[in-house]
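Welcome! Please take a moment with the sequence and the 3D view below, and then read on for a short tour.

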Amino acid sequence: MEIYNYIKSLHLIFVITWFAGLFYIVRLFVYQIEAKDKPSPEKEILQKQYKIMAYRLWYIITWPSAILALTFAIWLLILMPVWLQQPWMHVKLGFVVLLIAYQIKCHLIFKELQNDVVKYSSNFMRLWNEGATIILFAVVFLVILKNAFNWIYGVIGIVLFSILIMLGFKFYKRIREKNKS
């Protein structure tokens, strides 16, 4: 079925741009939060620029990519409903629900920052940014390995990967704090 491969390609392209948007928006959150501690007029210039960048990224790339990725995913499932009978697909769809929840939380943070409401530290945002990375790893391994995937090793792998990210974050934080002194 030739149409299936075209739809699958479009789905993959929009998944990639969706993740790119999610990775970069949280990076912009870090910059926006850190800009509030800059002296004037630098603070106001940076805040204005980051708001514009975040707005364009969020509404021109990230949200449209999410909607298109999900649209093509639904189309793929309509073309190949047998995928819904596969256990790995149930787990993948669970991660997709987590990704949508992650995006919605990012949207709430985006709206707060657009209104100059800062509820989180830049360190929290750096850590938050790893949420999408963990989901990405989980989904890619599920899709590639399908039934050959050993769930126990997979769960252990994701937990170990998360721990490595946390350790890397702490190590990077120490380096940044040392360089500030």
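A patch is made of residues with over 30% relative accessible area and no salt bridge, and nonpolar side chains are joined into a patch when they lie within 5 Å. Keep in mind along the way that this is a predicted model.

With that in hand, here is a patch to look for. Tyr153, Ile156, Val159, Leu160, Ile163, Leu164 and Leu167 together make a nonpolar patch on the surface, and their combined accessible area is about 730 Å². One of these residues, Ile163, sits in helix H5, which covers residues 151-180. Is Ile163 buried or exposed, or does it fall in between? Ile163 has a relative accessible area of 43%, so it counts as partly exposed, since that class lies between 20% and 50%.

Now step back to the whole chain. Its secondary structure consists of five helices and zero strands, giving the pattern α-α-α-α-α when read along the sequence. The C-alpha trace spans about 60 × 35 × 20 Å along its principal axes. Of the 181 residues in the chain, 34% are buried.

Next come the pockets. The table sets out the two largest.

| Pocket | Volume | Lining residues by kind |
|---|---|---|
| Largest pocket | about 790 Å³ | 25 nonpolar, two polar, three charged |
| Second largest pocket | about 220 Å³ | two nonpolar, three polar, eight charged |

For the second largest pocket, 13 residues form the lining, and Glu34, Ser122, Arg126, Arg176 and Lys180 are the closest to its centre. H1, H4 and H5 are the elements that each give two or more residues to this lining. Which element gives the most to the lining of the second largest pocket? That is H5, with five residues.

The largest pocket has a lining of 30 residues. Those nearest its centre are His11, Val15, Lys92, Val139 and Val143. Four helices each supply at least two residues of this lining: H1 (2-35), H2 (42-79), H3 (87-114) and H4 (122-145). Among the elements, H1 gives the most to the lining of the largest pocket, with nine residues.

To find your way back through the view, you could start at Ile163 in helix H5, turn to the second largest pocket, where H5 gives the most to the lining, and finish at the largest pocket, where H1 gives the most.

Definitions and conventions:
Residues are numbered from 1 along each chain as its sequence is written. This is a predicted model: local features need pLDDT of at least 70, side-chain atom pairs count only at pLDDT 80 or more; totals for chains, interfaces and linings use all residues. Side-chain values use heavy atoms; hydrogens and water are left out. Patches are made of residues with over 30% relative accessible area and no salt bridge: like charges are joined within 9 Å, nonpolar side chains (Val, Leu, Ile, Met, Phe, Trp, Tyr) within 5 Å. Accessible areas come from the Shrake-Rupley method with a 1.4 Å probe; for residues, only the protein chains shown count as cover. A salt bridge is a side-chain nitrogen of Lys or Arg within 4 Å of a carboxyl oxygen of Asp or Glu. Buried means under 20% relative accessible area, exposed over 50%, partly exposed in between (1.4 Å probe, protein chains only). On a 1 Å grid over the protein atoms alone, a cavity is a set of points where a 1.4 Å probe fits but cannot get out, and a pocket is an open set with protein on both sides within 12 Å along at least five of seven lines; lining residues have an atom within 4 Å of a point. Grid points are joined across faces, edges and corners, and a volume is the space filled by probe spheres set on the points. Ala, Val, Leu, Ile, Met, Phe, Trp, Tyr, Cys and Pro count as nonpolar, Asp, Glu, Lys and Arg as charged, and the others, Gly among them, as polar.
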